[in-house]
Amino acid sequence: MSRPGILIPITQWRRMETVIEKGKASECDRKAERMEIRKATKLCQRKFVGMLAMVLFSAVVLSGCQNQEKIENQKAFRQVGINKMNQGDYAAAVEAFQKALDQSLAVVGPIELDICYYKATAQYNAGDAKGAITTCNALVAFNEKDSKAYFLRGCIYLKEGDSDNARKDYGKALDFCGNDYALYLSVYENLSGAGFTKEAEKLMEKALKLKGDQPKDYRERGHIFLIRGDYDNARKELDQAINKGDTKALLYLAQVYDAQKENKKAKALYKSYLEKNGSDTATLISLAETQMEAGGYQQALELILQALEAKQPENEQQLRRDEIICYENLLDFASAKKKMASYVKDYPDDEQAQRENVFLQTR
């Protein structure tokens with residue numbers, strides 16, 4: 001029997017399994033026998049969650065050193081899982097994330113929830129859509145207002161072709177996300193990509209009506225206007241964000257000027273953005289991909305090399321593939337050949353890269 005996330009402590013889950021198997025269930029457990037395990041989980045959760053603080057306090061008092069060791073183990077297993085995901089080994093990632101959850105000692109906190117989001121993503125990419133949905137179900141049962149869990153489950157449903165459930169989950173996610181413009185944008189992009197253009201546009205109109213006078217609110221409204229091609233309003237919102245000290249708005253303002261073919265202003269803003277946010281690896285990757293799409297392979301290469309300098313960069317495998325592509329398009333086949341040899345050694349399962357490596361040997 002698979003454990004759906006971390007809804008109830010691992011030890012309690014195993015105890016319930018044993019009791020059910022032996023037929024010695026209490027009233028609650030007898031009900032659990034007659035229900036699917038997900039419903040039983042939700043029923044028992046109400047009893048266990050209220051005790052978590054007391055359980056954690058007792059554990060710290062009785063075995064502080066052991067607790068600290070488990071916390072460190074949990075962080076280590078979580079990082080292993082992330083590394084495995086970046087390498088494309090999703091089955092190993094799922095195993096690592098479950099080991100991380102096994103260290104929880106009945107604690108359900110932000111890190112456990114974070115691990116579950118990772119676990120669900122890894123499960124889906126490993127081909128276990130059912131398992132990924134089960135993990136999301138557990139997250140939703142634990143917190144019925146978890147916008148991230150609804151969004152993640154909605155993404156899985158959408159990829160599986162179940163657009164009705166996907167749209168329902170997206171709706172729930174937005175109901176509980178408050179002023180999370182980024183989530184609105186993610187739902188917009190997913191629905192647009194799936195062909196629900198009118199529905200996606202209505203979401204953007206709704207997002208623009210959200211109240212908020214924080215720097216990030218101005219920045220995200222500017223981003224929405226940028227996506228819609230309303231550059232005048234985009235500039236107004238982004239200028240407000242920048243005046244309030246939001247340096248990330250520089251990126252979107254640079255894109256506004258890029259879209260209007262004002263290349264000098266755009267280039268100056270990109271430079272300013274990177275000076276202030278150079279450690280933002282995810283953004284460096286996004287910028288590099290944008291430059292590649294526009295044919296700016298030298299600029300893209302510079303951004304990729306900067307991202308690769310970070311410790312354990314996100315999507316290292318994709319970064320290294322993009323690095324090779326840049327060298328090829330810059331006709332620097334010697335560098336491309338050298339980088340490809342290293343790449344196929346580290347990622348031997350990438351069959352396309354293996355074929356390209358043969359091609360590069362002839363250059």
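Student: What makes the crossing of α17 and α19 left-handed in this predicted model?

Tutor: A crossing is left-handed if the near helix is turned anticlockwise from the far one by less than a right angle. In the predicted model, α17 passes α19 in that left-handed sense.

Student: Why is α17 called roughly parallel to α19?

Tutor: The axes of helix α17 (residues 281–293) and helix α19 (residues 316–329) cross at roughly 30° and come within 12 Å. Angles under 35 degrees count as roughly parallel, so α17 is roughly parallel to α19.

Student: Which residues make the contact?

Tutor: From α17 there are Ile285, Glu289 and Met292, and from α19 there are Leu319, Asp322, Ile325 and Cys326.

Student: How do the residues of this contact divide into nonpolar, polar and charged?

Tutor: The contact of α17 with α19 has 5 nonpolar residues, no polar ones and 2 charged ones. Asp and Glu count as charged, while Leu, Ile, Met and Cys count as nonpolar.

Student: How do you know that Arg221 and Glu237 meet in a salt bridge?

Tutor: The N to O distance between their side chains is 3.3 Å. A salt bridge requires such a nitrogen of Lys or Arg within 4 Å of a carboxyl oxygen of Asp or Glu, so Arg221 and Glu237 qualify. This pair links distant parts of the chain, with Arg221 in helix α13 (residues 215–228) and Glu237 in helix α14 (residues 231–243), 16 residues apart.

Student: Are Arg221 and Glu237 buried or exposed?

Tutor: Both are buried, and buried means under 20% relative accessible area.

Student: What separates Arg167 and Asp164 along helix α10?

Tutor: They are 3 residues apart in α10 (residues 163–175), and therefore about one helical turn separates them. Their side chains meet in a salt bridge at 3.8 Å, N to O, which falls within the 4 Å cut-off. Asp164 and Arg167 are also linked with Glu199 in a network of salt bridges.

Student: Why does Arg167 count as partly exposed?

Tutor: The relative accessibility of Arg167 is 30%. Partly exposed lies between buried, under 20%, and exposed, over 50%, so Arg167 counts as partly exposed.

Student: What makes Lys265 and Glu262 partly exposed?

Tutor: Lys265 has a relative accessible area of 46%, and Glu262 has a relative accessibility of 29%. Lys265 forms a salt bridge with Glu262, with the closest N and O atoms 3.3 Å apart.

Student: How many salt bridges does a search of the whole structure find?

Tutor: The search finds 16 salt bridges.

Terms used:
Residues numbered from 1 in each chain as written. Predicted model: local features only at pLDDT ≥ 70, side-chain atom pairs only at ≥ 80, totals over all residues. Heavy atoms only, no water. Axes fitted to C-alpha atoms, helices over the stretch in contact; angles between N-to-C directions. Helix = DSSP H or I, 4+ residues; strand = E, 2+ residues; numbered from the N terminus. Parallel < 35°, antiparallel > 145°, perpendicular 65-115°, else oblique. Contact = heavy atoms within 4.5 Å. Buried < 20%, exposed > 50% of the residue type's maximum accessible area, 1.4 Å probe, protein only.
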